[in-house]
Amino acid sequence: MTGSVSLAQRLAVGGLVRRLDTATGQRIPIGFLAPLSGQVRSWGLPGLYGCQIWADQINASGGMMISGRRHQVEILAEDCGYDPDRAFIGARRLVQDGNVRFLMMLGGDSLRRLRPWLTERKILTSTLLPSDLSPDTPYLIAPSETHPLFNVTAVGWLAKNRPELRRVALCSQMDELGLPSLAAYRAAFGAEGFQITKEIRYPNTGGDADEIVAAMLATDPQILCWCTSHTPMVHALTEAAHRQGFTGQLLSCTADGYRELIRKTSTEFMEGFLFQFPDFDDPALQNKSFFFNRPTQFHSEYERRFPGSWGSVSWEYAATLDLWHMAVQKAGTVAPVSVLAAMKHGGRGEHAFGHARWLGTEFYGNDNLLAGDWPVVRITSGRARVVGFGSIPAWLAEHGARLRQEMEALGQMWYQREGKEPLPIRDTTLDSAASAPL
């Protein structure tokens with residue numbers, strides 16, 4: 001993070017800092033509200049495991065240093081099961097009873113009902129879904145994941161490295177994970193001149209994978225894309241494609257448990273499967289300057305403590321905690337408004353894969369999305385391996401208008417979801433600096 005917190009900011013939070021300092025050894029509670037059960041648990045439970053590793057490391061080093069004093073951290077977790085009502089109950093317990101200083105969520109449908117309640121109380125909250133953002137959520141941030149924007153990077157990689165592939169069939173569930181993802185894939189394939197031969201939308205509770213795949217294959221595609229289907233559906237769809245003899249390119253936002261898929265199909269069938277989330281022992285992550293602290297060691301500790309559970313979110317919530325921790329140290333307090341100001345100071349920051357900038361107004365109504373480069377991951381000889389990186393800001397600078405059109409077509413712009421009028425559009429998709437090197 002560049003720059004420093006202004007004198008005015010420090011004076012504004014001075015009283016809060018003094019109150020915190022008077023309690024030496026005070027524990028700082030951090031809330032974790034995500035699916036720990038149900039069909040979306042793979043995007044919650046592994047993240048909690050990562051947070052436990054993060055908290056243990058901080059506490060083992062003596063705790064968080066805030067204005068010269070150390071404080072232990074504590075992760076308080078609630079299972080929302082990706083249900084809005086359960087999420088609301090869990091949030092009340094974490095905020096009112098647990099007095100959490102920061103709240104982390106998966107987002108999407110489970111956050112919809114909570115947004116006004118959290119905003120009213122100025123609870124600094126993180127989501128993994130930038131599509132949750134709007135002008136009415138100033139304390140909601142998306143600092144680690146740029147879903148669904150990062151999905152465009154794999155499409156760009158395909159266009160460059162497999163130019164003979166032109167025909168693609170898509171499928172997606174109809175929820176606040178699936179529909180924004182479908183819009184991003186539509187925009188990315190359109191920008192590269194792919195032909196979409198079939199598009200299937202199924203209920204968010206799941207669908208008949210064999211029927212879905214059969215309908216997709218009937219259009220003779222070269223690529224099958226699962227968009228951001230929930231993990232059980234990614235597995236069911238992939239196994240169905242194997243049973244039905246598909247030999248082309250598979251593409252998905254996630255491939256959690258890909259080793260199990262290899263066992264159920266074959267190494268040959270899964271060869272070349274493209275998705276967006278690397279294993280953190282990937283050699284490509286060791287040869288670049290990343291913000292995430294010691295990725296190989298984190299991955300090794302995770303596998304030791306929670307074997308076989310590594311997935312797309314295992315590191316993301318922990319990466320969010322790294323950003324929050326740095327902002328707390330800059331602000332000298334855990335007060336949410338001051339931490340947010342420190343985090344966004346200068347409009348640039350660091351996320352797990354390097355330099356990034358805060359943006360998003362054109363799509364989400366505020367600049368609470370931290371975006372930079374994102375990896376493209378390919379299964380090669382049974383292992384997930386990073387094969388390239390794509391710049392989200394650069395892609396938006398060139399194709400943002402197309403993405404906005406696709407999001408509007410699916411009713412996914414913030415003003416459509418909230419029944420409001422859109423903000424005026426600036427002359428360019430993003431600020432002119434957006435396409436400049438980070």
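Reader: Which strands does helix α13 (residues 316–331) lie across?

Author: A heads-up before you look: this is a predicted model, where local features need pLDDT of at least 70, side-chain atom pairs count only at pLDDT 80 or more, and totals for chains, interfaces and linings use all residues. Residues are numbered from 1 along each chain as its sequence is written, and side-chain values use heavy atoms, with hydrogens and water left out. Helix α13 runs at about 145 degrees to β1 (axes are lines fitted to C-alpha atoms, for helices over the stretch in contact, and angles run from 0 to 180 degrees between N-to-C directions). The strands it lies across are β1, β4, β5 and β6.

Reader: What pLDDT does the protein average?

Author: pLDDT is the predictor's confidence in each residue, from 0 to 100. Scores of at least 70 are reached by 89% of the residues. Residues 1–24 stay under 50, and so do residues 427–438. The average for the protein is 89.

Reader: What is the strand order in the open sheet of five strands?

Author: Helices (H or I, at least four residues) and strands (E, at least two) are DSSP runs, numbered from the N terminus, and two strands pair if DSSP finds at least two bridges between them. The pairing in this open sheet is parallel. Its edge strands, β4 (73–79) and β7 (140–141), each pair on one side only. Put together, the order is β4-β1-β5-β6-β7.

Reader: Which residue of β6 stands opposite leucine 103?

Author: Strands β5 (residues 103–105) and β6 (residues 125–126) run parallel, joined by two bridges. The partner of leucine 103 in β6 is threonine 125.

Reader: Which strands of that sheet does helix α3 (residues 45–60) touch?

Author: Touching here is contact, meaning heavy atoms within 4.5 Å. Helix α3 packs on the sheet, and its direction makes about 165 degrees with that of β4. The strands it touches are β1 (28–34), β4 and β5.

Reader: How far apart are the axes of α3 and helix α12 (residues 295–305)?

Author: The two helices pack at about 115 degrees. Angles under 35 degrees count as roughly parallel, over 145 as roughly antiparallel, 65 to 115 as roughly perpendicular and the rest as oblique, so α3 and α12 are roughly perpendicular. Their axes are 10 Å apart.

Reader: Which α12 residues make the contact with α3?

Author: On the α3 side you'll find Pro46, Tyr49, Gly50, Gln52, Ile53 and Asp56. By class, the contact has five nonpolar, two polar and three charged residues (Ala, Val, Leu, Ile, Met, Phe, Trp, Tyr, Cys and Pro count as nonpolar, Asp, Glu, Lys and Arg as charged, and the others, Gly among them, as polar). The α12 side is Phe298, Glu301, Tyr302 and Arg305.

Reader: At what angle do helix α7 (residues 178–191) and helix α16 (residues 392–409) pack?

Author: Their axes are 8 Å apart. The angle makes α7 oblique to α16, and its value is about 130 degrees.

Reader: Is the crossing of α7 and α16 left-handed or right-handed?

Author: A crossing is left-handed if the near helix is turned anticlockwise from the far one by less than a right angle, and right-handed if clockwise. Residues of α7 that meet α16 include Ala183, Arg186 and Gly190, and the contact has nine nonpolar, two polar and three charged residues. As α7 passes α16, the crossing is right-handed.

Reader: How many charged residues are in the contact of helix α8 (residues 209–217) with helix α9 (residues 231–243)?

Author: The axes come within 9 Å and cross at roughly 55 degrees, which makes α8 oblique to α9. Ala209, Asp210, Ile212 and Val213 of α8 meet Met233, Ala236, Leu237, Ala240, Ala241 and Arg243 of α9. Eight of the contact residues are nonpolar, none are polar, and the charged ones number two.

Reader: Which residue in the hairpin turn between β15 and β16 has a positive phi?

Author: Strands β15 (residues 369–380) and β16 (residues 383–391) pair in the antiparallel sense over eight bridges. Threonine 380 stands opposite arginine 383, and two residues lie between the strands. The one with a positive phi, about 55 degrees, is serine 381.

Reader: Which peptide bond is cis, with omega near 5 degrees?

Author: Look in the loop between β7 and α6 (151–161), where proline 148 sits. The cis bond runs from histidine 147 to proline 148.
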